[in-house]
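This report describes a single chain, with attention to its surface, its aromatic pairs and its salt bridges. The sequence and structure follow.

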Amino acid sequence: LPDIALDNQALMHKQFPIVCWGGIDKIVYAIPAENSQNAFIMASGGMLHDIKVVSTDAVIPRDHLLQSFPGPLIKNKTKRKDIEKWLENTCGGLPSDESSTGILILFLLKLKISESATWRDISSLLYNSDELLVYLSQPFMESQKQPTAYKLDATNQMKILAHLQTGGQREALELALQNNAYSIALLIGSLMGKERWSEVVQKYLTDEFSIASDVSHFSANLLSLIFQVFVGNSKKAINEFSLAPQKRSWAVENWKIIVAAILNNINLSMETSSSSVDEVPPVILEFLVEFGLFLAHEGLSLQASGVFIIANLPLSAMPLANSSIKFEHIGNPTTLESAVYSELYEFICSKDPKGFPVLLEQKLHHALCYQELGMSANAARYVDYLSAILKSMPKKDAHTAAFAHRLGELSVRISGTSSGWLGKPKLSSVW
């Protein structure tokens with residue numbers, strides 16, 4: 001490029017940076033001595049008595065989560081007990097009832113890697129229901145019982161029977177609902193499919209909890225959702241959240257209570273003979289996927305990731321359930337926390353020793369962060385790990401070529417930031 005002429009007068013007013021970043025983990029700084037009262041009048045600046053060189057860690061403390069992380073995590077090489085110990089130490093100083101979703105994710109992964117975790121353990125992590133057990137153990141005064149259902153008279157009983165004998169299910173259901181006979185209405189609704197049955201349940205709960213209060217709305221919404229999930233009608237039930245603003249707000253504010261209530265009602269008779277959290281019953285899987293998509297559409301990506309983790313969904317670039325939502329990373333992929341969460345989940349969930357291919361770019365970013373923070377040894381381990389994976393990638397693929405180029409650049413940078421006076425060159429090929 002040709003030299004650009006600069007005005008000398010402009011140089012007098014140019015602002016020079018007060019911080020310069022170099023290739024070593026040191027910071028050089030100098031603080032002028034305090035000016036006297038007449039310094040401003042005399043236009044004299046402070047005097048520099050000394051220049052100090054300190055470690056970057058003394059000014060910018062390293063993130064403990066990143067510094068202590070035992071990555072890269074490699075199947076059949078990294079010991080599971082080492083990860084469990086790291087999670088135990090990391091979570092040991094964190095409150096499990098913290099409102100931070102990031103902390104919740106760490107505790108959830110700690111449960112997922114444990115071979116003894118149950119659905120009730122995950123439920124308790126999301127919402128501590130012990131308060132409800134205390135409430136149920138209290139003595140209650142017996143209130144005067146009021147009839148909660150209506151019994152059809154003989155004439156209407158015969159009409160409903162006649163309708164059913166002639167195939168008139170719709171007419172029989174309408175007659176039962178007109179007389180508030182919900183017992184027979186629920187039975188007739190079950191003959192007409194899960195959607196119609198769910199409508200009868202919703203109408204009954206709306207009438208039963210007819211008092212206009214937050215508690216009544218909460219009870220009706222949660223009970224209706226529980227019933228619909230376990231008859232396999234999760235998609236329709238969750239679609240109602242998007243259509244009704246009041247229900248949408250309720251679901252967003254109480255997402256942990258909702259998921260906890262569903263998980264607490266899983267029993268061993270639900271198409272699975274195990275209580276292991278690795279085996280998700282089909283109706284629960286449908287709910288978790290649909291509810292996670294709902295949270296993602298509401299902009300709650302980390303909360304959605306937590307729900308997808310419970311569902312054991314693999315990290316992939318493919319959209320979920322005919323939607324535009326992808327479960328590629330846990331949370332914001334540009335954050336270091338996301339890199340740690342995603343790699344932990346990959347080690348726990350992936351059956352392939354190579355892990356989830358969608359995480360390669362994030363692992364490279366993870367290694368770059370290590371290098372920029374002066375943790376060259378950690379970065380070098382990731383470079384070696386990614387170089388081994390690169391050998392099995394398609395050599396003529398454009399993505400592979402771009403990935404190899406960035407990996408090579410990082411390898412050179414690591415070699416140039418060796419702690420010795422002369423950097424040790426890294427000549428190993430990535431191909």
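## Nonpolar surface patch

In this predicted model, a nonpolar patch on the surface is formed by Val28, Ile51 and Val53, which together have about 310 Å² of accessible area. Isoleucine 51 belongs to the loop between helix H2 (39-42) and strand E2 (52-55). Its relative accessibility is 60%, so isoleucine 51 counts as exposed.

## Overall composition

The secondary structure of the chain consists of 22 helices and 2 strands. Of the 431 residues in the chain, 38% are buried. The chain exposes about 26,300 Å², and carbon and sulfur atoms supply 57% of that area.

Contacts across the sequence can be described in a similar way. Among contacts between residues at least 6 apart in sequence, 60% join residues at least 24 apart.

## Aromatic pairs

How many aromatic pairs does the structure contain? The count comes to 11 aromatic pairs. In one of them, the ring centres of phenylalanine 218 and tryptophan 250 are 5.9 Å apart and the ring planes stand at 75°; because an angle over 60 degrees counts as edge-to-face, the pair is assigned to that class. The pair links distant parts of the chain, with phenylalanine 218 in helix H13 (residues 214-230) and tryptophan 250 in helix H15 (residues 245-253), 32 residues apart. Phenylalanine 218 is partly exposed, at 25% relative accessibility, whereas tryptophan 250 is buried, with a relative accessible area of 9%.

A further pair joins phenylalanine 327 and tyrosine 345, whose ring centres lie 6.0 Å apart with their planes at 55°, so this pair is tilted. Phenylalanine 327 is in the loop between helix H18 (301-310) and helix H19 (336-349), while tyrosine 345 is in helix H19; the pair therefore ties together parts that are 18 residues apart in sequence. Phenylalanine 327 and tyrosine 345 are both buried.

## Aromatic cluster and a charge over a ring

Phenylalanine 218 and tryptophan 250 also belong to one aromatic cluster, which further includes Phe241, Phe287, Phe291 and Phe294.

Elsewhere, an aromatic ring meets a charged group. The charged end of lysine 75 sits over the ring of phenylalanine 347, at 5.1 Å from the ring centre.

## A buried histidine

Is histidine 366 buried or exposed? Its relative accessibility is 0%, and histidine 366 therefore counts as buried, the cut-off for that class being under 20%. Histidine 366 is part of helix H20 (residues 360-372). When neighbours within four places in sequence are left aside, its contacts are Leu66, Phe69, Ala339, Glu343 and Tyr382.

## Salt bridges

Side chains of opposite charge can pair when their charged atoms come close. The structure holds 11 salt bridges. One of them joins the side chains of glutamate 88 and lysine 110, at 3.4 Å from N to O. Glutamate 88 is located in helix H5 (residues 80-92) and lysine 110 in helix H6 (residues 101-113), so this salt bridge ties together parts that are 22 residues apart in sequence. Both partners are partly exposed: glutamate 88 has a relative accessible area of 44%, and lysine 110 has a relative accessibility of 26%.

Another salt bridge forms within a helix. The side chains of glutamate 240 and lysine 236 meet at 3.3 Å, N to O, and both residues lie in helix H14 (residues 234-243), 4 residues apart, or about one turn of the helix. Lysine 236 is partly exposed, with a relative accessible area of 26%.

## Arginine 248 and a salt-bridge network

Which parts of the chain does the salt bridge between arginine 248 and glutamate 298 tie together? The two side chains meet at 3.5 Å, N to O. Arginine 248 is in helix H15 and glutamate 298 is in the loop between helix H17 (282-297) and H18, so the parts tied together are 50 residues apart in sequence. Arginine 248 counts as partly exposed at 26% relative accessibility, as does glutamate 298 at 32%. In addition, salt bridges with shared partners join Arg170, Glu171 and Glu174 into one network.

Notes
Residues are numbered from 1 along each chain as its sequence is written. This is a predicted model: local features need pLDDT of at least 70, side-chain atom pairs count only at pLDDT 80 or more; totals for chains, interfaces and linings use all residues. Side-chain values use heavy atoms; hydrogens and water are left out. Patches are made of residues with over 30% relative accessible area and no salt bridge: like charges are joined within 9 Å, nonpolar side chains (Val, Leu, Ile, Met, Phe, Trp, Tyr) within 5 Å. Accessible areas come from the Shrake-Rupley method with a 1.4 Å probe; for residues, only the protein chains shown count as cover. A salt bridge is a side-chain nitrogen of Lys or Arg within 4 Å of a carboxyl oxygen of Asp or Glu. Buried means under 20% relative accessible area, exposed over 50%, partly exposed in between (1.4 Å probe, protein chains only). Rings of Phe, Tyr and Trp (its six-membered ring) pair if their centres lie within 6.5 Å; planes under 30 degrees apart count as stacked, over 60 as edge-to-face and the rest as tilted. A charge sits over a ring if NZ of Lys or CZ of Arg is within 6 Å of the ring centre and within 35 degrees of the ring normal. Contact means heavy atoms within 4.5 Å.
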